[in-house]
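Good morning, and thank you for making time for this presentation. Please take a look at the structure on the screen before I begin.

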Amino acid sequence: MLSIWAIFLVSGTAPSPGAVALDPVIDIAFQSSAPYYEPPVAVVPMDTPIRWVNATASPHSVRHDACIDEEPCPFQSIAIPPDSNFVVAPLPPGRYAYHCELHPIMRGSLLVIDPSSTHKNEEKGTPMTRPGSAGLLAENDGALGRG
C-alpha cells in the first residue's frame, strides 16, 4: 500500500512582498463566503507545494476527505488561525477532495497534474486544463469530473 507523506506547517507569518521564492508554491485562500476556498478547484503541477492562506477573521482547517474513512491521509491540518497559513509538500498526481473540519460546508478540491503528461495529451489534440500565470486555473471544470 502506498503511503503518502505530507509535511505540515502552520505559520503565523507571511513572506514579505519583496521576497523571491526559490520554489513555486500554489496558494489557496480561505474565504468567509461561498465558494469558501479560492480557487474552489486548484490545478497544481506535480512537485509543487500547496499553501492554504487564512486571511479571514475565523480559524479554519484543511482535511483530506480520505482521512475520515481511515484510508491513507495525504494531508490534515490543525486549526489555522487568522493571518496564518498551512503548507503541504508536493503530492503525486490525482484528485484530492478536502474540507474544513470546523465548517463542514467548506469544501474544495486539488487536481495535481503531471505537466509532462498534459503536454503530451495536448500534442495529440486532447484538451487539458493547465496552470495559468498564477499557477491555478479551473476553466475546464466540466472536464474535471465534478460529481
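Let me start with a term: a nonpolar core is a set of buried Ala, Val, Leu, Ile, Met, Phe, Trp, Tyr and Cys residues that are joined through side-chain atoms within 4.5 Å. Please also keep in mind that this is a predicted model.

First, the overall layout. The protein contains nine strands and one helix. Reading from the N terminus, the order of elements is β-β-β-β-β-β-β-β-β-α. Of the 147 residues in the protein, 37% are buried. Among contacts with a separation of 6 or more, 63% join residues that are 24 or more positions apart.

I turn now to the interior. In the largest nonpolar core there are 21 residues, and Y37, W52, F75 and L110 have the most contacts inside it. Two or more residues come from each of β2 (26-30), β4 (41-45), β5 (50-54), β7 (84-88), β8 (94-99) and β9 (107-113). The strand that gives the most to this core is β2, with three residues.

What is L110 in contact with, leaving aside its neighbours within four places in sequence? The residues are I28, A42, V44, I50, W52, F75, L91, G94, R95, Y96 and Y98. Two of the names in that list, W52 and F75, have also appeared among the residues with the most contacts inside the core.

The next topic is the aromatic residues. The count comes to seven aromatic pairs. One of them is formed by Y37 and Y98, an edge-to-face pair with 4.8 Å centre to centre and 75° between the planes. Because Y37 lies in strand β3 (residues 37-38) and Y98 in strand β8, this pair ties together parts that are 61 residues apart in sequence.

Are these two tyrosines buried or exposed? The cut-off for buried is under 20% relative accessible area. Y37 has 0% relative accessibility and therefore counts as buried; Y98, also at 0%, counts as buried as well. Both belong to one aromatic cluster, formed by F30, Y37, W52, F75, F86, Y96 and Y98.

Finally, the surface. The protein exposes about 8400 Å², of which carbon and sulfur atoms supply 58%. The largest pocket holds about 170 Å³ of space. It is lined by 10 residues, and those closest to its centre are P40, R95, R107, G108 and S109. At least two residues of this lining come from each of β8 and β9, strands that also give two or more residues each to the largest nonpolar core.

Methods. Residues are numbered from 1 along each chain as its sequence is written. This is a predicted model: local features need pLDDT of at least 70, side-chain atom pairs count only at pLDDT 80 or more; totals for chains, interfaces and linings use all residues. Side-chain values use heavy atoms; hydrogens and water are left out. Buried means under 20% relative accessible area, exposed over 50%, partly exposed in between (1.4 Å probe, protein chains only). Helices (H or I, at least four residues) and strands (E, at least two) are DSSP runs, numbered from the N terminus. Contact means heavy atoms within 4.5 Å. Rings of Phe, Tyr and Trp (its six-membered ring) pair if their centres lie within 6.5 Å; planes under 30 degrees apart count as stacked, over 60 as edge-to-face and the rest as tilted. Accessible areas come from the Shrake-Rupley method with a 1.4 Å probe; for residues, only the protein chains shown count as cover. On a 1 Å grid over the protein atoms alone, a cavity is a set of points where a 1.4 Å probe fits but cannot get out, and a pocket is an open set with protein on both sides within 12 Å along at least five of seven lines; lining residues have an atom within 4 Å of a point. Grid points are joined across faces, edges and corners, and a volume is the space filled by probe spheres set on the points.
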